[in-house]
Every structure is written in structure tokens, then in C-alpha cells.
Amino acid sequence: MSVPVNLVNLERVHKAHGTTVLLDDVSLGIAVGERIGVVGRNGSGKSTLLRVLSGREEPDAGRVTRRGDLAVGVLDQSGTLPPGATVRDVVLPGSLFTAEHEWAADPAVRSVLAGLELDRLGLDAPVAPMSGGERRRVALAAQLVRPLDLLVLDEPTNHLDVEGVAWLADFVTRRVGALVVVTHDRWFLDEVCTRTWEVADGRVHAYDGGYAAYTLARAERARIAAAQELRRLDLVRKELAWLRRGAPARTSKPRFRIEAAEALIADEPPPRESVALEGFAARRLGRTVYDVEDVDLSVPAEHGPRPLFRDLTWHVGPGDRIGVVGVNGAGKTTLLRLLVGEVEPDRGRVVRGQTVAPAYLSQHVTELPGRLRVLEAVQEVRRVARLGDQEISASSLAERFGFAASRQWTPVGDLSGGERRRLQLLRLLMDEPNVLLLDEPTNDLDIDTLTALEDLLDGFPGTVLVVSHDRYFVDRVCDSVVALMGDGSLAALPGGVEEYLARRAAGEAQLPGPTPPAPAAPARAPQRSAGDVRAARKEAARLERRLERLAAEEERLHGELAAAATDHTRVMELDERLRTLLAEKERVETDWLEAAEVAEG
């Protein structure tokens, strides 16, 4: 008897919560070996779709069929673990591994324990007192070690640092079995998924490929819609031309109709309006934003004080846009809290500019007033905001942030995680800051909201500091990246997140322990001859010219890609050429940096 192609099939499934229809006449299937990413706005029904697929919820109508011997594993967002259990009980239960040597001899299990840092937590550690992030890693590990036909993950990258996300992407790509994952991490979607499902308006739209292919397909869909609108307008113009044919006394009426039609088209609102932030940063920054000078800082730990920063010196200037990465526990959040004055250094000092007006977005949303409604929570900060020369009410601004008039009277306690995050950001921006310090701002935000947030930050003229594990977001928003290396130092990374991961793989960034490491002897700069310096300058000049040619070629290829959007064969060919060019450009940039360093003597 042949094995069915699909592991799970949905046939004309309908699912509603109250009066909100989440799935409407949805039919789809999951084939063996498929890796599917699920995207959509918060509240669109992504998690509901996962529960229906895995059998945790039944549809209101329609049919769900699963292969009879199907083994399904589910990671939901609740993070619920058995009371009184240890890491070993949850991840390596006796029902799965009867003896320790069974899992110890399995490289996949060892990889999961190391990749999710459970070996550092300890297998006999109780899960009850753990933080939410640690409990979630334990729950994720419990699913990854099992032999499953279908793995269903809801936001697995939450609470993972950038290295953990990279490890997870590699692991799920190599594992045998199908995967369905809800995530807002666009790099992860591109790296892992072979298909993308978009949940919107009760429908599920399927696309081949990861996030990049999905974005291209959405753009093509918008282009087709625009072409259809143009055809409609052509019909309108023909109709107006027909009306113009008549007695001269009637010609004023068609002219009026033409002008009215043009005005109607011009007033058509965009699908999503971006908020200009120039007014929010009305207070000008001086030359000094933050100067961290010779700072030492330790935090309490089980085996004594653990040093986070040693002799830390760092300058943050006006207009800087900096991404901060590092291993979990290296002190990324503490660094932001140090800048805003929530913690004080053990030694050294932090100089803050006199004109600095910071807005600190923490990882927690407990500071939101749960007793108030959305509009009241905004008005509590300010009733009227000034955008440029225009004053806008709190209600109008809340609507621009995605809170429709009917939603503005919802109690804050009833909001979803993504809505609470948006409200938290809105309240901060209402106070007209000129420095934004964002700690994991992408948590709980859907991709459309992330795109809108990136657009907001593009127009922000102040200083932006971002702690995030979302590589796509960091690359998109930040001009430079620094890393806490775990030895108390802060390292600049010209190569961005990729350089950080390479240095981590080489063992350069380690989690700090209770005893500070002995200071390394200062490296002596190599002596270079005048001839070496002259040769390096010539090489740097040659590489600069090469980079200019590559940049021009890159711009030309982007133009050809835009022109060939409907020719998929041509798009694939151009995309391959673009990837090759970008790889060469990266090599030339690296060579230029090395030559420039020698040329400086």
C-alpha cells in the first residue's frame, strides 16, 4: 500500500472565534519533507491554523485528515511545563531514553542540548524557577530531540540570541520530517522555509520559497492589482469622453465630472500610512549623546559577582544607528539600562548629553497601565502631538499605529502581545524623544508591523540603539554593529552579524564567569616599511575603483530585476548574477579594509 503524499490535509475548513472569522473555506496540505513558514498580521489566525493542523482544536466546519501513524510535536507560545520537573524530565524522559548512554551517544541530542544552552543550565535544574526564556528553550528542546513526522513551532526564535537562531535554522534544515513554523524572523524564513503561507482575511495564500520569494510574489500581486485599476480608469476615461460628446452648453458638466473623478482617485488612502517622526525628534541633539568612560560593572551571581563590563569605553554620537549583539547573559540589556541611568557602574562614569531626551523600549510591557483603555493610555502621556507644523490628536495618532476607532476603547489588559508592543512604542514616541533605545523591539510584532516600524525608524533623525536577535531587522535599521564579547569588552564589527558569528565560532565571545579573566598582554603593532605602506595605498585605491564599478553593476542588476518581475526565469538568472556580484563585493571590501589598515601606517 503506497504512503499518502500529504501528512495532513485541510478540506474547506472554517473556524471562528466569536464573530471574528479566522479561517474561511481553507483547503491545503502538508507534504513529506516540506518546511512551511506561516506569516500574517497579529490576530489573523496563524496560531489557530497551527492548532487545527496539529489536532489541538477542531474546525467549526470542514474536514481535517491526518496520516494514521503521524507523529506530531508542537511548541506553542504558552511555555507550560510539568510542575516539579527538571530539565532532564522534560527533554530526556524515560519513555524516550531508557538509559543515559542512549541519548549521550546521539549527536543530534547533544547538538540540541548545546545549541539551546541547556548543558549550561544543567540537566538536573528544576524548571519551575526558570525565566520565561529558559523555560521556552527547554520546551523547544523537548520537541527537537523527538523523532517526529511533523514539527509545529509557534515563534521558536523568541528568547534566542542571534547565534541560537542561526543554530536552530541549521538544525531544522538538516532534520528529517516536515516543519510548519510561525515566525516574524525574516532571515529565519529565508534560511529555512521552502514554502510560505500568508494568513489574511480568513484565507491562506501559498507561495513557493521563503520570505524573499513571498515578498516578490506580493509585489507582483500588487502590480497586477495596479494594472487592473489602470484598466478600470481607462474605462472611466472612455465613459467621460463619451459624455463630452454633446451640445457645447453641456461641456462644463463633463469637465466637472473629470475633475471630480481625478479628485476621487487622488484622495484614495494608501493601504498602510507611515508616521513621520521628524516632529517626535524636535529636540536637537548636541555633540554628546552618551560617553561611557572606563566603566566596570558586575552583577550578583550564585558563585559570586559576575563581571559584565571591564574598562568599557564607548562613544555614542548624534545620528548614530547602532545594533548591539552578544551571547545571552553578556549584558546587552544592562548596557541600555546603564545608558539611561537605571543602573550605575561600579567604577568609571557615563556622561549623558544635556539635550538627550531618551525613550527606552524594554523587553517587558508590564509598565503599561492595564486599568486604562488604549486611547486613555496614549492621552496619559500627551493629548496632542506635534508632527512638523501640524498638531494631531492622540486618537488620530493611535489610528495611524493600527488602532482603529473601535479598538481604541479596548482595555489595555485585553490587547494581544503585538498590540501591547505597538502601544508601548506609541507612548514612548508621544514624549518626543531624540534618542531611541530599543531592547528586542521585534518581539511579538508581525511582519507588516515590523516593516512599518522600519519605515518609521528610517525617518527618525535622532540616535537609535537596538538590541535584537533579528538579523534582518538589525541589517535593515542599523548602520553599524557592536558586540559584547563576554570578556567585558565591546567590539566594533565592520562585517556586521556575520562577523560576530564567525568570531563566536572561533571561540572569541564567551559568557563571562564569576572570576574575571587575566588581562591579555597588549599586542604589539607590526612594523611596516615605507614601501609596504606605499604599496598598500596603491592597492586600496585600486580596490576603491573596483568597488565603484561593482556598486554601479549592482544598481544596474537591481533595475533589470525590477523590469523583469514577471519573467521568473529571467528573475532567477539575474538573482544568481546578483548573488555572485555581492559575494565578490564583500571579498573586495574585506581586501580594501586590510589594505587601508596597512596604508594608515
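Buried here means under 20% relative accessible area, exposed means over 50%, and partly exposed is anything in between. Keep that handy, and remember that this is a predicted model.

**Exercise 1. Work out how helix α6 sits in the fold: is it mostly covered or mostly open, and what does it pack against?**

Step 1. Start with the helix itself. α6 covers residues 132–144, which makes 13 residues. From first C-alpha to last it reaches 19 Å, close to the 18 Å expected at 1.5 Å a residue.

Step 2. Apply the burial cut-off. Eleven of the 13 residues in α6 come out buried, so the helix is mostly covered, given that buried means under 20% relative accessible area.

Step 3. Look at who is on that list. Among the buried residues are Arg 135, Arg 136 and Arg 137, along with Val 138, Ala 139 and Leu 140. Gly 133, Gln 143 and Leu 144 are buried as well.

Step 4. Find the neighbours. The buried residues of α6 pack against two strands, β5 (72–75) and β6 (150–154). They also pack against the helices α2 (87–91), α4 (107–115), α5 (118–121) and α7 (162–174).

**Exercise 2. Take the salt bridges Arg 56 to Asp 76, Asp 431 to Arg 382 and Glu 584 to Arg 546, and say which parts of the chain each one links.**

Step 1. Get the overall count: a search of the whole structure turns up 31 salt bridges.

Step 2. Try Arg 56 and Asp 76, whose closest N and O atoms are 2.9 Å apart. Arg 56 is in the loop between α1 (46–54) and β4 (61–66), and Asp 76 is in the loop between β5 and α2, so this pair ties together parts 20 residues apart in sequence. Both ends are partly exposed, Arg 56 at 49% and Asp 76 at 28%.

Step 3. Move on to Asp 431 and Arg 382, with 3.6 Å between the closest N and O atoms. Asp 431 belongs to the loop between α14 (417–429) and β17 (435–439), and Arg 382 to the loop between α12 (374–381) and β15 (384–387), so parts 49 residues apart are tied together. Asp 431 is partly exposed at 41%, and Arg 382 is partly exposed at 25%.

Step 4. Finish with Glu 584 and Arg 546, which meet at 2.4 Å, N to O. Here the link runs between helices: Glu 584 is in α19 (568–599) and Arg 546 in α18 (530–563), 38 residues apart. Glu 584 is partly exposed at 25%, and Arg 546 also has 25%.

Step 5. Check for shared partners. Lys 15, Arg 51, Glu 57 and Asp 60 are joined into one network by salt bridges that share partners.

**Exercise 3. Describe the cavities: how many reach 30 Å³ or more, and what lines them?**

Step 1. Count them: the structure holds two cavities of 30 Å³ or more.

Step 2. Take the largest, at about 60 Å³. Its lining includes Glu 155, His 184, Asp 185, Leu 445 and Asp 470. Sorted by class, that lining has one nonpolar, six polar and four charged residues.

Step 3. Now the second largest, with a volume of about 40 Å³. Among its lining residues are Asp 161, Val 324, Lys 332, Glu 440 and Ser 468. Strand β12 (321–326) gives the largest share of this lining, three residues. The class split is four nonpolar, three polar and three charged.

Step 4. Compare the two lists: His 469 appears in the lining of the largest cavity and in that of the second largest.

Definitions and conventions:
Residues numbered from 1 in each chain as written. Predicted model: local features only at pLDDT ≥ 70, side-chain atom pairs only at ≥ 80, totals over all residues. Heavy atoms only, no water. Helix = DSSP H or I, 4+ residues; strand = E, 2+ residues; numbered from the N terminus. Expected span 1.5 Å × (residues − 1). Buried < 20%, exposed > 50% of the residue type's maximum accessible area, 1.4 Å probe, protein only. Contact = heavy atoms within 4.5 Å. Salt bridge = Lys/Arg side-chain N within 4 Å of Asp/Glu carboxyl O. 1 Å grid on protein atoms, 1.4 Å probe; cavity = no way out; pocket = protein on both sides within 12 Å on 5 of 7 lines; lining within 4 Å. Points joined across faces, edges and corners; volume = space filled by probe spheres on them. Nonpolar A, V, L, I, M, F, W, Y, C, P; charged D, E, K, R; others polar.
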